[in-house]
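Visitor: Please take me through one part of this model at close range: the helix packing. I would like one connected account, with every cut-off stated.

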Amino acid sequence: TDLRIGIVGVGAMGADHAERVARRTAGARLVAVSDPDTVRAEALATALPGDVRMIADPLELIADGEVDAVILASPGFAHAEQLFACLEHGKPVLCEKPLTMDAASALRVVEAEHKVGRSLIQVGFMRRFDPEYAALKELLASGELGRTLMLHNVHRNKSVAPTFRSEMIVRDSLVHEVDVARWLFDDEITRITVHAPKPTSLVADGVLDPQLAVFELANGAIADVEVFVNFQVGYEVRCEAVAERGSATIGLGSGVLTRAAGQWGGAMPADFRVRFERAYDIEVQRWVDAAVRGEIDGPSAWDGYAAAAVCEAGIESLTTGRPVDVDLADKRQILG
Ligand code: ISE
């Protein structure tokens, strides 16, 4: 029997996941959607195949007896309460990033899950499922290039909503590279510095876009990230890992690269739903398969917490201009 899934929040990402679950995830069935914009949710429920109910109240959807598992694609500020509800009802949940808005609330989520005694929370750091990132991880882990010394990352959006201010750029965009760095190095980030040049003239006063972040890892490695969410051209995510005996770059062109008439290049995707479509498909399929077994198969609540702790320090660095040490709880003390 199919895993019956309810989706909370059907904005861009939630609607994309709704399509995915309803049409192309094996062993899963979309049974309910929820959104403060009930008209939008109702329209989506009607348009999708199968019997999809619109349940206005997200907590009601989570508690619903017909919902076996939940995808949270609501805004970050709504996550904490909804995650606690999923834990209370013992429901597996794939939670889009950020896990919560700050380190303290994220740690409370980790502790509450630990009390339940089962891994119910997986965080939507989908890059880990992107075939290019996965190949990069495998190459680095093989040791073929020696020890990895540095990462250079570029993360650009075509544009974002005006509500996407400086802190959101850290918490909602840069957070992906926080996870990528922790994952590729299999280590924690101990210090972060976030610089900002004079902003692009295309954002409102006070918005620091682009930003340039530097992460220092416990093992002595360093990662830098340019994050620029109003790049205008298209969506672009690149990562170059520099190791002792070579470097490896991914994200150079997710389509056909042409060389002609003294130029080279190709098309650029408009946003992450296009660039990471395969990653999201794999992420959701593996989450569904694991949920049926009562497990998770991807970034854990701890990973979401660790990222929140780095982002919180990053926001402080962005405002002070100084490096900020990351205050991370002792994993063994929390999880035993
Ligand atoms: C968006 O919320 C995402 O999560 C995307 O993956 C990221 O690239 C983008 O910058 C965010 O706006």
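Guide: What follows starts with one helix and its two partners, then moves outward.

First, the ground rules. Residues are numbered from 1 along each chain as its sequence is written. The model is predicted: local features need pLDDT of at least 70, side-chain atom pairs count only at pLDDT 80 or more, and totals for chains, interfaces and linings use all residues. Helices (H or I, at least four residues) and strands (E, at least two) are DSSP runs, numbered from the N terminus.

Start with α10, residues 301-320. Two packed helices are described by the angle between their axes and the distance between the axes. Here axes are lines fitted to C-alpha atoms, for helices over the stretch in contact, and angles run from 0 to 180 degrees between N-to-C directions.

The first partner is α5, residues 103-116. The axes of α5 and α10 come within 8 Å and cross at roughly 165°. That angle makes α5 roughly antiparallel to α10 (under 35 degrees is roughly parallel, over 145 roughly antiparallel, 65 to 115 roughly perpendicular, the rest oblique). The crossing is left-handed. Handedness is left if the near helix is turned anticlockwise from the far one by less than a right angle, and right if clockwise.

Which residues make this contact? From α5 come A103, A106, L107, V109, V110 and E113. From α10 come A301, W302, G304, Y305, A308, A309 and E312. Contact means that two C-beta atoms, placed from the backbone, lie within 7 Å.

The other partner is α7, residues 166-185. The axes of α7 and α10 come within 9 Å and cross at roughly 130°. That makes α7 oblique to α10. This crossing is right-handed. The α7 side contributes S166, E167, V170, R171, L174, V175, V178, D179 and R182. The α10 side contributes D303, A306, A307, V310, C311, G314, I315 and L318.

T319 also belongs to α10. T319 has 14 other C-beta atoms within 10 Å, so T319 is partly exposed. The scale is this: buried if 20 or more other C-beta atoms lie within 10 Å, exposed if 12 or fewer, partly exposed in between, with C-beta atoms placed from the backbone. T319 and I71 lie 248 residues apart in sequence and 33 Å apart in space, C-alpha to C-alpha. G304, one of the α10 residues in contact with α5, has its C-alpha 44 Å from that of A260, 44 residues away along the chain. A260 sits in strand β13, residues 258-260. A260 counts as exposed because 7 C-beta neighbours lie inside 10 Å.

Now follow α5 to α4, residues 79-88. The buried residues of α4 are H79, Q82, L83, A85, C86 and L87. They pack against α5, and also against α3 (58-63), β1 (3-8), β4 (69-72), β5 (93-95) and β6 (121-123). After α4 comes G90, with a positive phi near 65°. The loop between β5 and α5 holds P98. K97 and P98 are joined by a cis peptide bond, with omega about -5°.

Back to α7, which helps to cover α6. Helix α6, residues 131-142, has twelve residues. It reaches 16 Å from its first C-alpha to its last, close to the 16 Å expected at 1.5 Å a residue. That expected span is 1.5 Å times one less than the number of residues. Which residues of α6 are buried? They are E132, Y133, L136 and L140. These cover an arc of only 95° around the axis, so they lie on the same side of α6. The arc is that of the directions from the helix axis to the C-beta atoms. The cover includes α7, β7 (148-156), β11 (236-243) and β12 (246-250). The face turned away carries the exposed P131, A135, E138, A141 and S142. Just after α6, G143 takes a positive phi of about 85°.

The loops deserve a last look. Most residues other than glycine have a negative phi, and most peptide bonds are trans. In the loop between α7 and β8 lies D186. Phi of D186 is positive, near 50°. D186 counts as exposed, with 11 C-beta neighbours inside 10 Å. Q232, in the loop between β10 (222-228) and β11, has a positive phi of about 80°. Q232 is exposed too, with 11 other C-beta atoms within 10 Å. P210 sits in the loop between β8 (189-195) and β9 (211-217). The peptide bond from D209 to P210 is cis, with omega near 5°.
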